Amino acid sequence: MTIIRSIALFVLAALAEIGGAWLIWQGVREHKGLLWIGAGVAALGAYGFAATLQPDANFGRILAAYGGIFVAGSLAWAMAVDKFRPDRFDYLGAAICLVGVAVIMYAPRS
């Protein structure tokens with residue numbers, strides 16, 4: 001159950017961070033305005049809180065593992081929202097990152 005909770009929190013954090021950055025991008029680069037930028041800032045704040053709910057108490061470990069989630073999540077977001085088509089190296093890189101997440105977060109420790 002702890003691993004499922006941890007994965008769910010990583011997904012929530014990814015949605016908040018990637019979504020927040022995307023909203024700011026839209027607000028600034030696509031000239032959608034301050035409402036989009038403000039929503040992005042709020043989402044980025046929510047990301048910070050989501051990370052604190054991880055069951056592991058080590059900030060560095062969680063942030064390092066989240067980096068792998070961010071890589072894979074960013075590609076997934078780009079595919080779903082921006083119709084980006086990753087190539088095999090994008091998929092390979094994301095898979096390597098997710099293996100790294102599994103090792104960092106869920107490897108047995110003494």
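Reader: Let's start with a single side chain: what is the relative accessible area of Ile7?

Author: Ile7 has a relative accessible area of 42%, so Ile7 is partly exposed. The scale runs from buried (under 20% relative accessible area) through partly exposed to exposed (over 50%), with a 1.4 Å probe and protein chains only. Before we go on, remember that this is a predicted model: local features need pLDDT of at least 70, side-chain atom pairs count only at pLDDT 80 or more, and totals for chains, interfaces and linings use all residues. Residues are numbered from 1 along each chain as its sequence is written, and side-chain values use heavy atoms, leaving out hydrogens and water.

Reader: Where is Ile7 found?

Author: Ile7 is found in helix H1, residues 2-29. Helices here are DSSP runs of H or I with at least four residues, strands are E runs with at least two, and numbering starts from the N terminus.

Reader: Which residues make the nonpolar surface patch?

Author: Ile3, Ile7, Val11 and Leu15 make that patch, and it covers about 350 Å². To read a patch, look for residues with over 30% relative accessible area and no salt bridge; like charges are joined within 9 Å and nonpolar side chains (Val, Leu, Ile, Met, Phe, Trp, Tyr) within 5 Å. A salt bridge puts a side-chain nitrogen of Lys or Arg within 4 Å of a carboxyl oxygen of Asp or Glu. The areas come from the Shrake-Rupley method with a 1.4 Å probe, and for residues only the protein chains shown count as cover.

Reader: Let's step back to the whole chain. How many helices and strands are there in the protein?

Author: There are four helices and zero strands, so to read the order of elements from the N terminus on, just follow α-α-α-α. The C-alpha atoms fill a box of roughly 50 × 35 × 20 Å along the principal axes. Of the 110 residues, 30% count as buried. The protein exposes about 7100 Å², and carbon and sulfur atoms supply 73% of that area.

Reader: And how many aromatic pairs does the count come to?

Author: The general idea is that rings of Phe, Tyr and Trp (its six-membered ring) pair if their centres lie within 6.5 Å; planes under 30 degrees apart count as stacked, over 60 as edge-to-face and the rest as tilted. By this rule the count comes to five aromatic pairs. In one of them, the rings of Trp22 and Trp36 have centres 6.0 Å apart and planes at 55°, so the pair is tilted. Trp22 lies in helix H1 and Trp36 in helix H2 (residues 34-52), so this pair ties together parts 14 residues apart in sequence. Tyr66 and Phe70 also form a tilted pair, with 6.2 Å centre to centre and 55° between the planes.

Reader: In which helix do Tyr66 and Phe70 both lie?

Author: Both lie in helix H3 (residues 59-81), four residues apart, about one turn of the helix. Tyr66 is buried, with a relative accessible area of 5%, whereas Phe70 is partly exposed at 32%. Ring pairs also link Phe10, Tyr47, Tyr66 and Phe70 into a cluster.

Reader: What covers the buried residues of H3?

Author: The cover includes H1, H2 and helix H4 (88-106); contact means heavy atoms within 4.5 Å. Among the buried residues of H3 are Ile62, Ala65, Ile69, Leu75 and Trp77.

Reader: Which residue lies over the face of Trp36?

Author: Lys32 does, at 4.5 Å from the ring centre. A charge sits over a ring if NZ of Lys or CZ of Arg is within 6 Å of the ring centre and within 35 degrees of the ring normal. Trp36 counts as partly exposed at 31% relative accessibility. Gln26, in helix H1, touches His31, Lys32 and Trp36, not counting residues up to four places away in sequence. Gln26 is buried, with a relative accessible area of 9%.

Reader: What about backbone angles: which phi does His31 have, positive or negative?

Author: Most residues other than glycine have a negative phi. His31 has a positive phi of about 55° although it is not a glycine. His31 sits in the loop between H1 and H2 and counts as exposed at 69% relative accessibility. Lys83, just after H3, takes a positive phi of about 60°. Lys83 is in the loop between H3 and H4 and counts as exposed at 61%.
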